[in-house]
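Here's a quick tour of a ligand site and two sheets. Have the viewer open as you read along.

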Amino acid sequence: MRHASHQLPVAKPVLDEREVEAVRRVVLSGWVTQGPEVAAFESEFADFVGAPHACAVSNCTNALHLALKCVGVGAGDEVITVSHSFIATANAIRYCDALPVFVDIETSGYNMDPDLVEAAITPRTKAILCVHQLGMPCDLRRVVEIAKRHAIPVIEDAACAAGSEILWQGQWERIGKPHGDIACFSFHPRKVVTTGDGGMLTTANVEHDRKFRLWRQHSMSVPDTVRHGARQVIYEGYAELGYNYRMTDLQAAIGREQLKRLGALVSRRRELAEQYTERLSPVAGLQTPGEPAWARSNWQSYCVGLSEWIDQRETMQALLDCGISSRRGVMNIHLEKAYVGSETHRAATSLTRSVVAQQTSVILPLFAQMSNADVALAVDTLLSIIAVASPTALQAL
Ligand SMILES: *Cc1c(COP(=O)(O)O)cnc(C)c1O
């Protein structure tokens with residue numbers, strides 16, 4: 001097939017001279033890790049999402065580890081989550097020597113089915129780790145309701161959800177404003193805003209926040225920032241096991257610039273997603289992602305379901321032959337080799353919907369720099385591929 005001149009990646013970070021200038025400022029300041037830029041980024045992020053506390057760390061996986069540890073998850077405990085997620089979600093549970101307990105996803109969409117959560121609770125359940133998959137808020141209101149009834153903490157894997165919103169008691173609120181106990185964000189380049197790598201924990205609980213700050217820096221009793229400014233000699237102590245989960249000031253300076261763009265990035269992404277949905281939702285054989293009336297996604301990814309007569313791999317290859325990158329839908333953790341064996345996880349429900357979703361969904365290109373013509377090109381190409389798979393499919397248009 002002809003090699004397309006127009007290459008459309010599936011995602012692309014928005015970075016320019018503003019981020020370069022920010023890093024330059026930090027390099028020349030001489031303070032390059034967990035200093036004033038991290039503190040400023042934390043307070044700006046907390047303001048953005050509406051959280052009393054925000055603590056920056058090296059990535060979201062480590063944020064999840066600290067969050068789980070903080071609510072007391074330890075050896076022999078169980079944490080209810082989904083298999084239909086990036087592997088880091090369940091890995092963080094295993095870092096605590098606890099057992100991931102998987103429930104299936106909803107019939108429509110890629111998030112945890114709240115109807116399945118309550119029956120999965122056992123005396124060992126120490127937390128519910130829900131995921132706002134691909135940036136789409138999960139049914140947090142119902143998850144929190146169930147958790148409250150059983151006095152179990154809720155941790156949100158909000159890795160993809162910076163800038164997403166949820167209708168909460170009649171108000172639109174950003175994910176990260178504490179609805180559960182702790183929310184964890186990622187700033188990996190595949191997310192809507194990036195610091196290269198990076199993570200953030202938000203919470204309303206001052207004691208949680210204090211622990212995050214202690215543990216992320218080896219549990220050192222006196223942070224560098226305090227010793228640096230002290231007029232007297234101070235000896236630090238290490239009362240418990242800690243970690244090096246610091247974010248650098250270089251990353252935080254980039255993050256502060258990214259945060260200024262986030263609102264505009266999400267608006268543009270929502271326009272692009274709407275264009276996809278407008279063109280693709282009438283097409284027989286495709287299931288466009290729905291947005292519940294109580295959710296506003298940042299559309300970190302736009303994932304389309306394919307009917308059984310449309311082959312996933314062939315469709316992705318045909319798109320690629322035309323210069324359009326795509327990705328398979330979200331993975332299933334329980335199908336990976338690292339999750340073989342009853343000591344690695346427990347499936348509390350059938351995981352059929354999760355498995356089918358992985359096998360029959362495709363993530364289409366979506367990034368803020370895309371033009372409307374790029375979306376049209378991706379749509380036209382996909383439709384021509386489906387028309388070949390079944391010429392009758394386009395009659396629905
Ligand atoms: C990206 C992602 C993570 C991991 O984030 P890192 O910052 O790369 O550690 C965790 N959970 C989900 C759902 C993700 O998409």
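## Around the ligand

A backbone N or O atom of C60 sits 2.9 Å from an oxygen atom of the ligand, which is a polar contact here (a pair of N or O atoms within 3.5 Å). Two side chains do something similar, as the table shows.

| Residue | Atom in the protein | Atom in the ligand | Distance |
|---|---|---|---|
| D157 | side-chain N or O | nitrogen | 2.8 Å |
| K191 | polar side-chain atom | oxygen | 2.7 Å |

On its own the ligand has 390 Å² of accessible area, and the protein covers 91% of that (Shrake-Rupley method, 1.4 Å probe).

A word on the source: this is a predicted model, where local features need pLDDT of at least 70 and side-chain atom pairs count only at pLDDT 80 or more, while totals for chains, interfaces and linings use all residues. Residues are numbered from 1 along each chain as its sequence is written, and side-chain values use heavy atoms, with hydrogens and water left out.

Which residues are closest to the ligand? They are C60, T61, D157, S186 and K191, out of 14 that surround the ligand (a heavy atom within 4 Å). By class, that shell has six nonpolar, six polar and two charged residues; Cys counts as nonpolar, Asp and Lys as charged, and Gly as polar. Helices α3 (60–70) and α4 (88–95) each supply at least two residues of the shell (helices are DSSP runs of H or I with at least four residues, strands are E runs with at least two).

The ligand sits in the largest pocket. A pocket is an open set of points on a 1 Å grid over the protein atoms alone, where a 1.4 Å probe fits, with protein on both sides within 12 Å along at least five of seven lines. Sitting in it takes more than half of the molecule's atoms within 2 Å of its grid points.

## Two open sheets

One open sheet has three strands in the order β7-β6-β11, with antiparallel pairing (strands pair if DSSP finds at least two bridges between them). Its edge strands, β7 (171–174) and β11 (295–296), each pair on one side only. Strand β6 (165–168) is antiparallel to β11 over two bridges, and E165 has R296 of β11 as its bridge partner.

The other open sheet has four strands, ordered β10-β12-β15-β13, again with antiparallel pairing. β10 (286–287) and β13 (327–328) stand at the edges with a single partner strand each, so one side of each has no neighbour in the sheet. Strands β12 (302–306) and β15 (361–364) run antiparallel, joined by four bridges; G305 has S361 in β15 as its bridge partner.

How values were computed:
Polar contact = N/O pair within 3.5 Å; in protein donor to acceptor, adjacent residues only side chain to side chain. 1 Å grid on protein atoms, 1.4 Å probe; cavity = no way out; pocket = protein on both sides within 12 Å on 5 of 7 lines; lining within 4 Å.
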